[in-house]
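Let's take a walk through this protein, one piece at a time. Keep the picture open while you read.

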Amino acid sequence: MTYSNKVSKIVYGGDYNPEQWSEDIWEEDMRMFKLAHIDIVTLNVFSWASLQPDENTYDFTKLDKIMDMVRENGLKVCLATSTGAHPAWMAKKYPDILRTEINGLKRKFGGRHNSCPNSPAYHKYSVRLAEKLAERYKSYDNIVAWHISNEFGGECYCENCERAFRVWLKDKYKTIEELNRVWNTAFWGHTFYDWDEIVLPNLLSEHFAPERTMFQGISLDYKRFNSDSMLNCFQEEYDIIKKITPDIPITTNLMGFYPVLDYQKWANHMDFASWDSYPSNGDSMAKMAMSHDLIRGIKKGEPFVLMEQTPSVTNWQPYNALKRPGVMRLWSYQAVAHGADAIMFFQMRRSIGACEKFHGAVIDHAGHENTRVFRELEALGAELEKIGNMTLGAKTDAKAALVFDWDNWWAVQLSAGPSCELQYYEEVLAYYTALHSNHIPVDIIGTENDLSGYQIVIAPVLYMTKGNYDEKIRQFVKEGGTFVTTFLSGITEEHDLVITGGYPGPLRDIMGIWVEETDALPKGSENTFSYKGIKYPAKLLCDIMHLEGARALSSYETEFYAGTPVIVKNEFGKGSSYYIGTSSNGEFYEEFIKDICMEKGVKPVCATPKEVEATERKNESGTYLFYLNHGEKENKVVLEKDYQDILTDTFYYKNEELSLKARDVMILKEAADA
């Protein structure tokens, strides 16, 4: 098993906070967990204050009782270290532990994500607590995973961080001369002569808005430093726990496309990936799927744990709509369809006070099982028991890859120009949605991943070409791969210094073009182009390019650059490349992606109606086809092979038409494997 050899099914449960309740309630919780087929709880997420009432005192009395009760009731445990929120006494005695915001405001005790990652006090006491927990509970054989802190986040701009930033820079660049070079400090008289002249970039120095900066190189390095600082906090706890309990895997709960932390780097330090899925109201099925694929991708295709989702409702969105009947089950299976080997929730019992009292739970304020949500949870739990270990460890066989890179994300968003409307994530999402609409399995990869197993690699807005990444792409195309990139690619190297000599810099020979200028169109303004006889919008940015061996597939239709190429194809070695010089709409991307997939023989999982998602996972026991009807009406699918439904044991045959009710799910095992 990917994350624990103590697991033999999709585990089912979530965050449990019994410390908020009296012990008679605990007994009732155990009864209701059994009813719902719950088999795992995450414990001790926010208990630091009760575990350590002062500097030298540790009290595990209540946690001991909880740990013993859940073990006696046959529950597995994901044990957290509680270091996501420090105690009030610690902030009073060691004020350096408190974060400073980007505007220079020094926080007081309160909230969470409120610890400076470079505070000596935080490092001392967080590691000590992790060590004591590991020593105390190392013999509990029902602990299947460690959960360090909780949703790491919250950038800090304090004096601790400024000093640590200088050390980080010195370690990275070695000499002040090299730092001046990579930051281009000759600009605006920023030359540094000593390390202690460097100040961190915030609204008191280089920033004119929280995400806009006058010195991109400085702010980009601070983003990297901040991510590394929090990773160091994770690593210190990881190391001490691993020393004491070497056989228990360790994770922390990530948050999908979270802009603060470079999860591709973090994943290298985690035994398995886990994440908290809280889509916004109205998010598309593709947008939700892309986050699952990201978490699978950062661990190179290994299954992941869905550590949190709400059973019914969130509390923090502007409008907290209920999950309609069937949606909790649908979204849970969507996670499984994209690689999850666990379905877990926040929270097990709904809190009675503070900001999460309106956040959904397995056990609602009513306190009993006679609720719609509980009945749905009970039904899903029974299904997961039936599925057992069938899908565990199953992987996605993707021949298409989509590049997402945190350095690119940071650099694009920090940049002054060319357009305040440019959003790196949204441009990547547009291509992912097209792949998803065509039912093309896709891996989301970083720049460190090997490309040799793919037929198609798509890298939208590859603004920053780091290190020798261009050579990796060059070899991929020469050996027969298809590479797709877009406007504003190949502009800078890893320090955000422009690669001179003509855009797209080191990609120029691969793409067979020279980009002379880029036009930024105001919101609501469009150029147009035609593809296969249909007119599409050219929005946001329009690269004005010249052919250098490539072939134009389409041209702009208005403005002074009418007639110049907008979509080009270049034959390069045994493969080919495509350059899309503008941002367009979903209809164009869907048609374009379908064409390049057909050209490369990259086949969809199967054909379905628009509202039905289809994915495949494979393991040693067989191939599993997931149908997920995200629509609010019945949809029909036609089978392309013989299958057995693993939830009903029903056999179906090739060319048979099946009906999926609104928000229904089918999991079919290929009959050859059944």
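Start with the sheet. In this predicted model, 9 strands line up in an open sheet, and if you read across it the order is 7-4-3-2-1-11-10-9-8, with parallel pairing. So which strands stand at the edges? They are strand 7 (250-251) and strand 8 (253-254); each has a single partner strand, so one side of each is left without a neighbour in the sheet. What holds neighbours together in a sheet like this? Strands pair through backbone hydrogen bonds, and the pairing can be parallel or antiparallel.

For a parallel pair, look at strand 3 (residues 76-80) and strand 4 (residues 143-147), which are joined over 4 bridges. Here L79 sits opposite W146 in strand 4. Helix 10 (residues 285-298) packs on the sheet, where it touches strand 8, strand 9 (274-276) and strand 10 (304-308). The direction of helix 10 makes about 130° with that of strand 10.

Now pick out one residue in the sheet: L43, which belongs to strand 2 (residues 40-43). Is L43 buried or exposed? Its relative accessible area is 1%, and buried means under 20%, so L43 counts as buried. Leaving aside neighbours within four places in sequence, L43 is in contact with a list of residues that includes Y16, P18, I66, M67 and V70, along with V77, C78, L79 and A80. You met L79 a moment ago, opposite W146.

Next, helix 6 (residues 159-173), which lets you try a small check. At 1.5 Å a residue, its 15 residues should span 21 Å, and the end C-alpha atoms are indeed 21 Å apart, so the two agree. Some of helix 6 is tucked away: its buried residues are N160, C161, E162, F165, R166, W168, L169 and Y173. What covers them? Among the elements doing so are helix 5 (120-137), helix 7 (176-183) and helix 8 (216-244). Just after helix 6 comes K174, and its phi is positive, near 70°.

Finish in a loop. N202 lies between helix 7 and strand 5 (207-209). Even though N202 is in a loop, its relative accessibility is 3%, so N202 counts as buried. A polar atom of the N202 side chain lies 2.9 Å from the backbone nitrogen of L204. Not counting residues up to four places away in sequence, N202 also touches I102, G104, Y157 and H207.

Definitions and conventions:
Residues numbered from 1 in each chain as written. Predicted model: local features only at pLDDT ≥ 70, side-chain atom pairs only at ≥ 80, totals over all residues. Heavy atoms only, no water. Pairing = 2+ DSSP bridges. Helix = DSSP H or I, 4+ residues; strand = E, 2+ residues; numbered from the N terminus. Contact = heavy atoms within 4.5 Å. Axes fitted to C-alpha atoms, helices over the stretch in contact; angles between N-to-C directions. Expected span 1.5 Å × (residues − 1). Buried < 20%, exposed > 50% of the residue type's maximum accessible area, 1.4 Å probe, protein only. Polar contact = N/O pair within 3.5 Å; in protein donor to acceptor, adjacent residues only side chain to side chain.
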